[in-house]
Amino acid sequence: MKRRDFIKTGTISLVASGSILTQCDSPIKKVKNNPIVLSTWDHGISANNSAMDILNNNGTALDAVESGVRVTEADPSSQSVGLGGRPDQDGHVTLDACIMDSDGNAGSVAFLRDIKHPISVARKVMKLTDHVMLVGAGAKRFALENGFQEENLLTDKSKEEWLQWKRDNSVKDSWGPNDEHDTISTLARDNEGNLSGACTTSGLAYKLHGRVGDSPIIGAGLYVDNEIGAVGATGKGEEVIKTCGSFLVVELMRQGYSAMDACEEAVNRILRKQSGKSDFQIGYIALRKDGQVGFSAIHDGFQYALYKKNENKLYDVKGIG
Ligand code: SD4
């Protein structure tokens, strides 16, 4: 039981084997009229502002998270998301995003080019189709058919940096510097006490053409279970995919871990595979349904923005790696 914070130890049901926890019989408390928004990194502050405006007008968590991350997607100075995102090794900006609502619905796009708001395309995939995920040319066609405009997302700044990278590093480095991890994940709880989440990124700078990370993968870059909590990830997506990171954090919370312990365990699981050392960064944020917040990262430098009780603040996370 150490490091666990069981909601009610005696009421957790076990399946026949007696070893697998399935569902808390004692649900995590639903809290109404106390909206919260939690986002990754410093651009999370503006995303949170936009999301909280929606929640303060009695909007849904789904509308809030979409609106929040759209701010980052439209900001050319945010070089890991949407417009102005760093390109792949060939100079193409390719975007990944996903969204989940409080009913467990999900939509996702990956390897999408020339569309500034992949999160809204992902939401349309969720709303208008029976599918969860569209990629590449198919995702772009779907976006154009649904009213999205084609535009060049490669800003002069990102182009110049890419050209510099080609001159300096491309021979020895297949996917670019790993110190620029600024994917935005935004998680929200609305006045009804319901949760949603959104995650959007241009992925790792100078990645191989066609590479897709964790951010559009349900259960890796993002997971929402309205009975338990919402979780988002940032950092080297390959490691998050291999550990089903966000799903893992939600499932640990289901088993009684606090939001913080669940995030730490998910990071530790990656670290253990690296024998405790890593030269890459991973960060998680978690919003438990009752409002408890968790976060964890391998290295110092990760930040999260939390907006609750009329205060929107940026926090530094101490790395555990
Ligand atoms: C990816 N997780 O594509 C993303 C990168 C990231 O901040 O988080 N950047 O692997």
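Which residue has a polar side-chain atom 2.7 Å from an oxygen atom of the ligand? In this predicted model, that residue is Arg-211. Taken alone, the ligand exposes 280 Å², and the protein buries 100% of that area. Let's look at the ligand's surroundings first, and then visit some strands and a helix.

**Around the ligand**

- There are 12 residues around the ligand, and the ones that come nearest are Asp-182, Thr-183, Arg-211, Asp-214 and Gly-235.
- Sorted by class, this shell holds 8 polar residues, 3 charged residues and 1 nonpolar residue.
- Backbone atoms join in here too: a backbone N or O atom of Asp-182 lies 2.4 Å from an oxygen atom of the ligand.
- For Thr-183, a backbone N or O atom lies 2.5 Å from an oxygen atom of the ligand.
- Arg-211, by contrast, uses a polar side-chain atom for its 2.7 Å approach to a ligand oxygen.

**Strand β5 and its partners**

- Strand β5 covers residues 106–113, and because 7 of its 8 residues are buried, this strand is largely enclosed by the rest of the structure.
- One partner of β5 is strand β4 (residues 94–100); the two pair in the antiparallel sense over 6 bridges.
- To find this pairing on screen, look for Ile-99, whose bridge partner in β5 is Gly-107.
- The hairpin of β4 and β5 has 5 residues between the strands, and in this hairpin Gly-104 takes a positive phi near 85°.
- Strand β6 (residues 133–135) is another partner of β5, and here the pairing is parallel, over 3 bridges.
- In that parallel pairing, Ser-108 stands opposite Met-133 of β6.
- Helix α3 (residues 118–128) joins the picture as well: β5, α3 and β6 make a left-handed β-α-β unit.

**Strand β3 and its partners**

- Is strand β3 (residues 36–40) largely enclosed or largely open? With 5 of its 5 residues buried, β3 is largely enclosed by the rest of the structure.
- The side chains of this strand split between two directions: Ile-36, Leu-38 and Thr-40 point one way, while Val-37 and Ser-39 point the other way, and all are buried.
- Strand β7 (residues 184–189) pairs with β3 in the antiparallel sense over 4 bridges.
- A handy marker for this pairing is Val-37, which stands opposite Ala-188 in β7.
- Strand β13 (residues 303–308) also pairs with β3 in the antiparallel sense, over 5 bridges.
- On the β13 side, Thr-40 stands opposite Tyr-304.

**Strands β9 and β10**

- Strand β9 (residues 222–225) is covered on both faces: Leu-222 and Val-224 are buried on one side, and Tyr-223 and Asp-225 are buried on the other.
- Strand β10 (residues 229–235) runs antiparallel to β9, and 4 bridges join the two.
- Asp-225 has Gly-229 as its bridge partner in β10.
- A hairpin of 3 residues makes the connection from β9 to β10.

**Helix α7**

- Helix α7 (residues 245–254) is mostly covered, with 9 of its 10 residues buried.
- Among the buried residues of α7 are Leu-248, Val-249 and Val-250, and also Glu-251 and Arg-254.
- Just after α7 comes Gly-256, which takes a positive phi of about 110°.

Methods:
Residues are numbered from 1 along each chain as its sequence is written. This is a predicted model: local features need pLDDT of at least 70, side-chain atom pairs count only at pLDDT 80 or more; totals for chains, interfaces and linings use all residues. Side-chain values use heavy atoms; hydrogens and water are left out. Buried means under 20% relative accessible area, exposed over 50%, partly exposed in between (1.4 Å probe, protein chains only). Two strands pair if DSSP finds at least two bridges between them. A crossover is right-handed if, with the strands pointing away from the viewer, the path from the first strand over the helix to the second runs clockwise. A residue is near a molecule or strand if one of its heavy atoms lies within 4 Å of it. A polar contact is a pair of N or O atoms within 3.5 Å; within protein, one must be able to donate a hydrogen and the other to accept it, and residues adjacent in sequence count only if both atoms are side-chain atoms. Accessible areas come from the Shrake-Rupley method with a 1.4 Å probe; for residues, only the protein chains shown count as cover. Ala, Val, Leu, Ile, Met, Phe, Trp, Tyr, Cys and Pro count as nonpolar, Asp, Glu, Lys and Arg as charged, and the others, Gly among them, as polar.
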